Amino acid sequence: MPSTRVVIDLDLPGATISRHLYGHFAEHLGRCIYGGFFVGEGSDIPNEGGIRLDVVEALRELKIPNLRWPGGCFADDYHWRDGIGPRDERPRMVNSHWGDVVEDNSFGTHEFMQLCEMLGADAYVNGNVGSGTVREMSEWIEYLTRADDSPMASLRRQNGRDEPWKVPFFGIGNEAWGCGGNMRAETYADLARQYATYVRNHGDNTVYRIAAGANVDDYEWTDVLMKALGCLGCDGQGSSPYQALSLHYYTMSGSWESKGSATEFDQDEWYLTLSRAYRIEELLTRHSTVMDRHDPRRRVGLVLDEWGTWWDVEPGTNPGFLYQQNTLRDALVASVHFDAFHRHADRLVMANIAQTVNVLQAMLLTDPDTGALVKTPTFHVFAMNTGHHDAQALAAHVVDADTRASDGRDLPLLSASASTKDGAALVSLSNLDAEQARTVVLDLRGADVAGFSARVLTAASTAEHNTPQNPDAVAPAAHDGIRRHERGLEVDLPAHSYVTVSLELA
């Protein structure tokens, strides 16, 4: 059994791993909103104001920190006034991006903010630059957050909400290089400055404005948006019109036209997928480097507000609804991303997996026939990682790790990260080897370990997934393959597994 060492200095904490790196995304797409989060008040499924209570209960297990809405591509077609007032009086629209279906706007601003309150999550509202106006966006933030008798605050009260909400995050459009307007970087940079100026702070609500950033490795787009912010290092510089840039990156084993199957893949596809997931390290490093040239003090944040696996839809489902199964492979794609997020916590301030329910790499799947709720393997990785929320990152140096060549890079077969908080530490370990178990020595320095425990997520097959008939085919369990070692601890990692080790520090 191969042995690898991970060196961790427990007394040298680094940047804080924001809980917002574990954020989520809910778009009006397929069955994410309707049938996922929202079933309507007349549904037999237990709900509050039409919002599914079992979905809320499950997501609260993840300590969900924020939720992005209404898109995605849908955001730049969405006009918020269509989604307020009595539901039976709201105008309809065509959701041209996702299935060309008619949207009745029964889930709108009030429903979303109620959902966030039920989840205990911060709202990340994405505004419409592509087909909207500056005034429309300005009035939406006023409607949401102003407390006095302004025109929009008065309109909110007419619709049943007296007190304003807190909206800490606001997106200035989405994918302006594509579905959000097919713009040039310079054109969008000017619009981002203009629109963001009118997303005002009302009362004690301070908005963190996020400009629509690059797709994958479009470093020029990042450079243009950073240049548009002006002299960030100059003395007396006022606040910038936007405080962060977004980035989008999806993992797939095939091409954009043929992305690959969620459940039917061979070993080569397994490694290809994980190698492409591992590319997030390169993307975060290079976009951060571009940003550093303009912002060496790292005042501007990077937000990966769309990430995850994207497979061909499940056979027999609407191709515009992006419904896919979720296997152990998806779980390890997530764990590899989280390790990279922890290493880049000094620049990366938020990340939002796409998407929360029934779409792409979802946390939850709901059965349209029975109403059954299924927690996916990816859900469990999020749950196992809650100890990293707002903890301080610890460097985890992997020594003597095996690699496998795939997709033009050497894929390390062990991924690791660690953090510390409140006299404890959490170590995450991913064995990406499809067939071979391995033993890892945790070389722990700088503090004594008074106690330890471990949990493991694995399955008999790399393609194992959860269904209403077998909801716990892939589920975490206590792991007894851990013991003391002269350097710290020794941990057994099954093939294709994710293990977390909790340490009580003396």
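Accessible areas are those given by the Shrake-Rupley method with a 1.4 Å probe. On this basis the protein, which is a predicted model, exposes about 18,800 Å², and carbon and sulfur atoms supply 46% of that area. Of its 506 residues, 59% count as buried. The secondary structure of the protein comprises 10 helices and 28 strands.

The overall dimensions of the chain were examined next. The C-alpha trace spans about 70 × 60 × 45 Å along its principal axes. For a protein of 506 residues a compact globule would have a radius of gyration near 23 Å, and because the value for this protein is 23 Å, the two agree. Among the contacts with a separation of 6 or more, 76% are made by residues that stand 24 or more positions apart. As to charge, the protein carries 43 positive and 71 negative side chains, and the centres of these two sets lie 5 Å apart.

The cysteines were then considered. A disulfide is a covalent bond between the sulfur atoms of two cysteines. A search of the whole structure finds 1 disulfide, and this bond joins C73 to C179, with an S to S distance of 2.1 Å. The torsion about the S-S bond of C73 and C179 is about -90°, so the disulfide is left-handed. C73 belongs to the loop between β6 (66-69) and β7 (93-95), whereas C179 belongs to the loop between β10 (169-172) and α5 (185-197), so the pair ties together parts that are 106 residues apart in sequence. The two partners can also be described by their accessibility: C73 is buried, with a relative accessible area of 10%, while C179, at 26% relative accessibility, counts as partly exposed because its value lies between the limits of 20% and 50%.

C32, by contrast, is in no disulfide, and the nearest cysteine sulfur, that of C116, is 12 Å away. Seen from C116, the closest cysteine sulfur is that of C32, and the separation of 12 Å is too far for a bond, given that a disulfide requires cysteine sulfur atoms within 2.5 Å. C32 is buried, with a relative accessible area of 0%, and C116 likewise counts as buried, at 2% relative accessibility.

Two further positions, T4 and P471, illustrate local surroundings in the model. T4 is placed in strand β1, which covers residues 3-9, and at 2% relative accessibility T4 counts as buried. When neighbours within four places in sequence are left aside, T4 is in contact with V398, V399, D400 and A401, with L414, and with R438, T439, V440 and V441.

P471 is found in the loop between β24 (449-457) and β25 (477-478). This proline is partly exposed, with a relative accessible area of 33%. With neighbours within four places in sequence again left aside, P471 is in contact with K375 and N466. The C-alpha atoms of P471 and V374 are separated by 5.9 Å, although these residues are 97 residues apart along the chain.

Note on methods: Residues are numbered from 1 along each chain as its sequence is written. This is a predicted model: local features need pLDDT of at least 70, side-chain atom pairs count only at pLDDT 80 or more; totals for chains, interfaces and linings use all residues. Side-chain values use heavy atoms; hydrogens and water are left out. Helices (H or I, at least four residues) and strands (E, at least two) are DSSP runs, numbered from the N terminus. The radius of gyration is taken over C-alpha atoms; the globule rule is 2.2 Å times the number of residues to the power 0.38. Buried means under 20% relative accessible area, exposed over 50%, partly exposed in between (1.4 Å probe, protein chains only). Contact means heavy atoms within 4.5 Å. Lys and Arg count as positive and Asp and Glu as negative; His and the chain ends are not counted. The place of a charge is taken as NZ of Lys, CZ of Arg, CG of Asp or CD of Glu.
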